[in-house]
Amino acid sequence: MTSHSPAGQTLLIDADDTLWENNVYFERAIADFISFLNHHERSTAEVREILNDVERECIVSHGYGLHSFAHALVKTFERLSVEPRTPALHETIHGFAVAIAEQPVQVLPRVPETLHYLSARHHLILVTKGDFAEQSGKVERSGLKGHFFAVEIVAEKNVPMYRDILNRYNLAGRHTWMVGNSPKSDINPALGAGLNAVFVPHDETWVLEHEELASAPPPNKLLVLKAFRELAQHF
């Protein structure tokens, strides 16, 4: 029997690809875009590398979300295609991003039951990054908002952001955990800010979120679980 952490701790919980599916829809859109581009000189992998680089550029200027993603697709098309970008082509390319927005929120297995259990024992704060309207819309449609006493939609997840949350909610790092699927956004900066962390990997985690998992500096702790439902065994 796994021992539980004491009740009354605070769990900061990621949303995309932790509570519900997200990146799988982007991967489908990217596959459709690369197929549409049908580049005769560059391989699918080479086109994807170029798109990754353009996405990094667009994040700096446009942040995260569908607006930024659509910009990245258009810029990649312009960089690689010999065809001029006509209004019809522009609409087709934007259509790949629109298709993502039309997807229903698909909550991951056992998430509602696990949140119900955790919220009775601990304070839960949902912490997600991205476009405010997009992310708040997903939170509302997910049906999970009632399990959280606060929702934080941030522009970036980094050490200063986690420290800011500790300060604003008057939290102690040793009693606060960040739960998520991204080493780059959820785990490593949270550990760097003095929090504990729970890594729940997802097979479709966005390539730009890949990073080697840091180790927890004592006395902080890092848990690695196989599925979200396993949180109930530890908290």
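A residue is called buried when its relative accessible area is under 20%, exposed when it is over 50%, and partly exposed in between. Keep that in mind for the close-ups below, which all come from a predicted model.

**View 1. Helix α6 and its buried residues.** Gln135, Gly137, Lys138, Val139 and Ser142 are the buried residues of α6. They pack against β2 and β3 (150-154). Look at the start of the helix, where a side-chain oxygen of Asp131 reaches to within 3.2 Å of the backbone nitrogen of Ala133. After the helix comes Gly143, with a positive phi near 75°.

**View 2. The largest pocket.** This pocket has a volume of about 650 Å³. Several elements give two or more residues to its lining: α1, α2, α3, α4, β2 (123-129), α6 and α8 (183-192). Which element gives the most to the lining? That is α6, with five residues. In total, 39 residues line the pocket, and Asp16, Asn22, Phe26, Gln135 and Lys138 lie nearest its centre. You have already met two of these names, as Gln135 and Lys138 are among the buried residues of α6. Sorted by class, the lining holds 13 nonpolar, 13 polar and 13 charged residues.

**View 3. Helix α3 and its surroundings.** Here is a small sum to check: at 1.5 Å a residue, the 15 residues of α3 (residues 66-80) should span 21 Å, and the end C-alpha atoms are indeed 21 Å apart. The expected span is 1.5 Å times one less than the number of residues, so remember to take one away before you multiply. The buried residues of α3 include Leu66, Phe69, Leu73, Phe77 and Leu80. A general point helps when you follow such a list: an α-helix has 3.6 residues a turn, so residues three or four places apart point the same way. Among the elements that cover the buried residues of α3 are α1 (23-37), α2 (44-62), α4 (87-101) and α6 (132-142).

**View 4. Thr18 and its neighbours.** Find Thr18 in the loop between β1 (10-13) and α1. Is Thr18 buried or exposed? Its relative accessibility is 4%, so Thr18 counts as buried. The side chain of Thr18 makes a polar contact of 2.6 Å with the side chain of Asp14. Leaving aside residues up to four places away in sequence, Thr18 touches Ile13, Leu108, Val111, Val179, Gly180, Asn181 and Phe228.

**View 5. A cis peptide bond at Pro218.** The peptide bond from Pro218 to Pro219 is cis, and its omega is near 5°. Pro218 sits in the loop between β5 (196-199) and β6 (222-224), and Pro219 has its place in the loop between β5 and β6 too. With 75% relative accessibility, Pro218 counts as exposed. Now look across to Asn196: along the chain it is 22 residues from Pro218, and the two C-alpha atoms are separated by 9.8 Å.

**View 6. Positive phi at Asn38 and Arg110.** Asn38 is a residue other than glycine, and its phi has a positive value near 50°. You will find Asn38 in the loop between α1 and α2, where it is partly exposed, with a relative accessible area of 48%. Arg110 is not a glycine either, but its phi is positive, at about 65°. The loop that holds Arg110 runs between α4 and α5 (111-121). At 45% relative accessibility, Arg110 counts as partly exposed.

Methods
Residues are numbered from 1 along each chain as its sequence is written. This is a predicted model: local features need pLDDT of at least 70, side-chain atom pairs count only at pLDDT 80 or more; totals for chains, interfaces and linings use all residues. Side-chain values use heavy atoms; hydrogens and water are left out. Helices (H or I, at least four residues) and strands (E, at least two) are DSSP runs, numbered from the N terminus. Buried means under 20% relative accessible area, exposed over 50%, partly exposed in between (1.4 Å probe, protein chains only). Contact means heavy atoms within 4.5 Å. A polar contact is a pair of N or O atoms within 3.5 Å; within protein, one must be able to donate a hydrogen and the other to accept it, and residues adjacent in sequence count only if both atoms are side-chain atoms. On a 1 Å grid over the protein atoms alone, a cavity is a set of points where a 1.4 Å probe fits but cannot get out, and a pocket is an open set with protein on both sides within 12 Å along at least five of seven lines; lining residues have an atom within 4 Å of a point. Grid points are joined across faces, edges and corners, and a volume is the space filled by probe spheres set on the points. Ala, Val, Leu, Ile, Met, Phe, Trp, Tyr, Cys and Pro count as nonpolar, Asp, Glu, Lys and Arg as charged, and the others, Gly among them, as polar.
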